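Here are a few exercises to work through with the model open beside you. Try each task before you read its solution.

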Amino acid sequence: MNYNNRNYNNSETKKLVRGLMGTKYGPIILVLLIIMSAAIGYYYYINGGSSISADAYAEYHFIDVGQGDASLILTDEAAVLVDCGTLDQSDIVIDYVSRYTDRIDLFVFSHAHDDHMGGAANVIRSIPVDEVLMTSYASDAVFFEKALDAIEEYDVQVTEALPGGTYTEGDVNIKVFAPVTDYEDHNSNSIIMRVEVDGSSVMYTGDAEHRTEKDALDEYPYGMKSDILKVGHHGSSTSTCEAFFDAVSPKYGVISCGEGNSYGHPHREIKAFFAERELEYYRTDLVGDVVFTVKGGEITVNCGE
Ligand SMILES: [Zn+2]
């Protein structure tokens with residue numbers, strides 16, 4: 001059948017409906033069709049995406065940077081870096097990223113704290129970066145000023161992360177859920193964003209705490225469901241409230257934190273909560289780098305390689 005030659009105009013649809021209504025089971029079939037399409041639409045609305053397609057390919061790397069965050073997304077079409085740890089860790093991150101790619105299409109700064117972007121200037125000076133995604137909430141810290149200097153010197157495009165905004169980089173689709181307003185501290189102004197590649201998805205949270213999570217949920221009650229959750233604020237009990245966790249309802253979690261860190265991350269409340277929810281989660285302080293590979297419609301996990 002050649003669909004190109006068929007013209008589904010309004011009057012044909014009317015004819016089809018009239019025809020169906022004229023048959024014995026027509027009205028029932030019509031009602032069932034309407035219910036089915038509504039159910040499918042609702043499912044996608046709630047879940048924010050489709051299931052992983054068989055030919056999908058993506059790698060979600062959570063690089064062990066001690067107490068900090070650094071995540072790399074690799075697909076057939078794009079390389080995206082989300083945070084890069086402290087200045088001290090920048091050589092490790094640059095070496096790690098360089099093993100897989102000679103460019104970064106998009107570099108996301110979750111928020112202006114040095115355990116997330118202390119080494120950003122070094123990264124930009126070492127690996128060509130095409131674009132930076134960040135909020136407008138600035139900092140007067142030296143590492144932040146240096147990152148801005150490097151952005152200017154290397155002519156990197158800067159895009160502002162706005163709540164509800166969607167950003168596409170090749171086959172990587174990003175939706176920003178937070179911050180929905182300006183808060184007075186850096187952690188609260190963390191970007192919460194869902195990254196989707198061919199039906200696979202990760203929720204990145206920076207160091208967002210309960211208030212940011214709840215405000216995002218109020219604004220965007222649906223579409224947060226993700227396969228993997230980068231657990232907020234290194235597993236602090238001030239992050240990952242129950243409502244947010246349920247909205248994401250991840251299959252896997254990753255806690256990026258340093259061995260023996262002075263904050264006690266991850267906090268026991270979070271460990272108890274994840275045990276209660278039977279979440280399969282990985283801690284960089286215990287297993288090193290964590291890599292999720294999406295292939296053949298499935299997600300596999302490798303640690304410490
Ligand atoms: Zn942090």
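Two residues are in contact if their C-beta atoms, placed from the backbone, lie within 7 Å. This is a predicted model: local features need pLDDT (the predictor's confidence in each residue, from 0 to 100) of at least 70, side-chain atom pairs count only at pLDDT 80 or more, and totals for chains, interfaces and linings use all residues. Residues are numbered from 1 along each chain as its sequence is written.

**Exercise 1. Get to know Ala 112**

Find where Ala 112 sits and what it is in contact with.

Step 1: Helices (H or I, at least four residues) and strands (E, at least two) are DSSP runs, numbered from the N terminus. Ala 112 lies in the loop between β4 (104-108) and α4 (114-117).

Step 2: Skip neighbours within four places in sequence, and Ala 112 is in contact with Met 117, Tyr 137, Ala 138, Ser 139, Ala 141, Phe 144 and His 186.

Step 3: Is Ala 112 buried or exposed? A residue is buried if 20 or more other C-beta atoms lie within 10 Å of its own, exposed if 12 or fewer, and partly exposed in between, with C-beta atoms placed from the backbone. Ala 112 has 22 C-beta neighbours inside 10 Å, so it counts as buried.

Step 4: Now look along the chain to Asn 187, 75 residues apart from Ala 112: their C-alpha atoms are separated by 8.3 Å.

**Exercise 2. Find the two sides of α3**

Work out which residues of helix α3 (90-100) are buried, and on which side they lie.

Step 1: The buried ones are Ser 90, Val 93 and Val 97.

Step 2: They cover an arc of only 60° around the axis (taking the directions from the helix axis to the C-beta atoms), which puts them on the same side of α3. As a rule, an α-helix has 3.6 residues a turn, so residues three or four places apart point the same way.

Step 3: Turn to the other side of α3, and you find Asp 91, Asp 95, Ser 98 and Arg 99 exposed.

Step 4: What do the buried residues of α3 pack against? Their partners are β2 (70-75), β3 (79-84), β4 and α5 (120-126).

**Exercise 3. Trace an open sheet**

Put the strands of the 7-strand sheet in order and look at its edges.

Step 1: Two strands pair if DSSP finds at least two bridges between them. The order is β7-β8-β9-β10-β11-β12-β13, with mixed pairing.

Step 2: β7 (166-169) and β13 (280-283) stand at the edges with a single partner strand each, so one side of each is left without a neighbour in the sheet.

Step 3: Zoom in on β11 (228-230) and β12 (252-255), which run parallel and are joined by 3 bridges. Ile 228 has Tyr 252 as its bridge partner in β12.

Step 4: Add helix α7, which lies across β8 and β9 and runs at about 105° to β8 (axes are lines fitted to C-alpha atoms, for helices over the stretch in contact, and angles run from 0 to 180 degrees between N-to-C directions).

**Exercise 4. Spot the cis bonds**

Which residues does each cis peptide bond join?

Step 1: One joins Ala 178 and Pro 179, with omega about 0°. Pro 179 is in the loop between β8 and β9.

Step 2: Another runs from His 265 to Pro 266, with omega near -5°. Pro 266 sits in the loop between β12 and α9 (268-276).
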